[in-house]
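Welcome! Here is a short briefing to help you find your way around this structure, with a few spots to look at as you go.

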Amino acid sequence: MNFTPVESNVTGAVPSEVTLFKGIGRVMIIVCLGITINYINATMVHTFSKHHIFKVNPRFILFIHLVFNDMIQLTTSISISVLYYVFDTIHVYFCCLIILPAILTTQNTPLNLAFMAAECYIAVCIPLRYNNICTVNRTYIVIGIIWALSSLSVLPDVFILLATEPLEFFHTRVYCLRDTVFRSAYSVKKRDASHILFLVVVWLTLFYTYFRILFVAKAAHAGAKKARNTILLHGFQVLMCMTVYVQPLLIQVLTYVFPGQFRTIYFALYVINQILPRFVSSIVYGLRDKTFRKYFKKYLCTVNCNPRQNPESGDIK
């Protein structure tokens with residue numbers, strides 16, 4: 001996908017002062033949202049590390065991995081967006097160093113949500129076997145599998161890039177986007193195939209676990225109803241993440257409908273598919289779970305809380 005013609009229309013359609021003002025405003029919005037969400041997520045990681053009760057619970061281990069993954073994803077993707085608005089183009093080799101962790105962590109999110117839904121299903125539908133199936137060691141193995149699957153999806157793009165592009169290409173300046181770096185037709189086809197495979201597996205997992213838990217919830221099981229609502233939130237988060245996979249097509253359609261508005265379209269899609277899903281992660285477990293919320297609030301309001309209040313005093317061993 002070639003973004004250059006669209007971008008040239010943008011720069012020629014509006015005065016440079018207006019473009020600069022809008023760019024600065026969008027960068028400030030993105031950076032402020034990123035700092036806010038990363039502060040909340042960092043507080044969650046700190047809460048997890050301070051209390052032993054969370055370290056032995058597979059549910060919270062998967063959750064905190066999702067939070068940590070989101071922090072990396074937000075930091076790298078915001079860096080790409082800031083560079084895009086400030087410099088427009090950067091060298092390919094520098095773009096690769098930033099975009100690879102962004103792609104990896106983006107791929108990790110739906111897989112992590114699928115495993116979290118499976119954990120909810122086991123806890124509600126087969127609780128007697130939960131302690132045997134969901135152990136701490138197996139949870140860390142699952143996290144390793146998530147990273148391995150994402151790496152297997154991304155590393156072929158790197159090999160194709162090294163094999164098909166001349167050395168001079170890495171010193172050229174491009175818009176730091178996946179399709180402008182991994183521009184081989186093989187990479188595009190592989191990307192589309194891996195996205196379809198990941199989404200099908202994730203959605204089948206979410207649908208299966210949701211309907212199985214739904215049947216249990218009809219028996220007025222309070223835990224089952226909460227798990228059902230949790231999986232619904234997972235589904236909403238995956239739905240927003242899906243826009244990443246169809247973003248090239250969406251950009252083409254929207255720029256055709258709204259010519260000369262490439263930057264606005266790119267900014268809106270970025271907020272929807274990169275920032276909002278990371279905010280939902282904080283809601284699903286960080287704020288909805290009573291146990292985690294009790295400790296999380298003590299660390300979050302470090303300024304307004306009573307200074308004589310000691311967060312460590314309520315630690316559960």
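## Cavities and salt bridges at a glance

Within the structure there are 2 cavities of 30 Å³ or more. Please keep in mind that this is a predicted model. A search of the whole structure also turns up 5 salt bridges, and some of the residues involved appear again around the second largest cavity.

**The second largest cavity**

- The second largest cavity holds about 30 Å³ of space.
- Its lining is made up of D157, R178, D179, F182, S187, V188 and R191.
- Sorted by character, the lining of the second largest cavity has 4 charged residues, 2 nonpolar ones and 1 polar one.
- Which helix gives the largest share of this lining? Helix 9 does, with 3 residues.
- Helix 8 and helix 9 each contribute at least two residues to the lining.

**A network of salt bridges**

- Which residues are linked with D157 in a network of salt bridges? They are R178 and K190.
- R178 pairs with D157, and their closest N and O atoms are 2.9 Å apart.
- This pair connects distant parts of the chain, since R178 sits in helix 8 (residues 178–181) and D157 in helix 7 (residues 136–164), 21 residues apart.
- Both partners, R178 and D157, are buried.
- D157 also meets K190 through their side chains, in a salt bridge of 3.5 Å from N to O.
- Here too, distant parts of the chain are linked: D157 belongs to helix 7 and K190 to helix 9 (residues 185–217), with their positions 33 residues apart.
- Like D157, K190 is buried.
- Two members of the network, D157 and R178, are also among the residues lining the second largest cavity.

**A salt bridge between helix 4 and helix 5**

- Elsewhere, R59 forms a salt bridge with E119, and the closest N and O atoms lie 3.1 Å apart.
- The two residues are 60 apart in the chain and join distant parts of it, with R59 in helix 4 (residues 58–87) and E119 in helix 5 (residues 92–125).
- Is E119 buried or exposed? E119 counts as buried because its relative accessibility is 4%, and buried means under 20%.
- R59, by contrast, has a relative accessible area of 25%, so R59 is partly exposed.

**To take away**

- When you turn the model, D157 is a good place to start: D157 takes part in salt bridges with R178 and K190, and D157 helps line the second largest cavity.

Definitions and conventions:
Residues are numbered from 1 along each chain as its sequence is written. This is a predicted model: local features need pLDDT of at least 70, side-chain atom pairs count only at pLDDT 80 or more; totals for chains, interfaces and linings use all residues. Side-chain values use heavy atoms; hydrogens and water are left out. A salt bridge is a side-chain nitrogen of Lys or Arg within 4 Å of a carboxyl oxygen of Asp or Glu. Helices (H or I, at least four residues) and strands (E, at least two) are DSSP runs, numbered from the N terminus. Buried means under 20% relative accessible area, exposed over 50%, partly exposed in between (1.4 Å probe, protein chains only). On a 1 Å grid over the protein atoms alone, a cavity is a set of points where a 1.4 Å probe fits but cannot get out, and a pocket is an open set with protein on both sides within 12 Å along at least five of seven lines; lining residues have an atom within 4 Å of a point. Grid points are joined across faces, edges and corners, and a volume is the space filled by probe spheres set on the points. Ala, Val, Leu, Ile, Met, Phe, Trp, Tyr, Cys and Pro count as nonpolar, Asp, Glu, Lys and Arg as charged, and the others, Gly among them, as polar.
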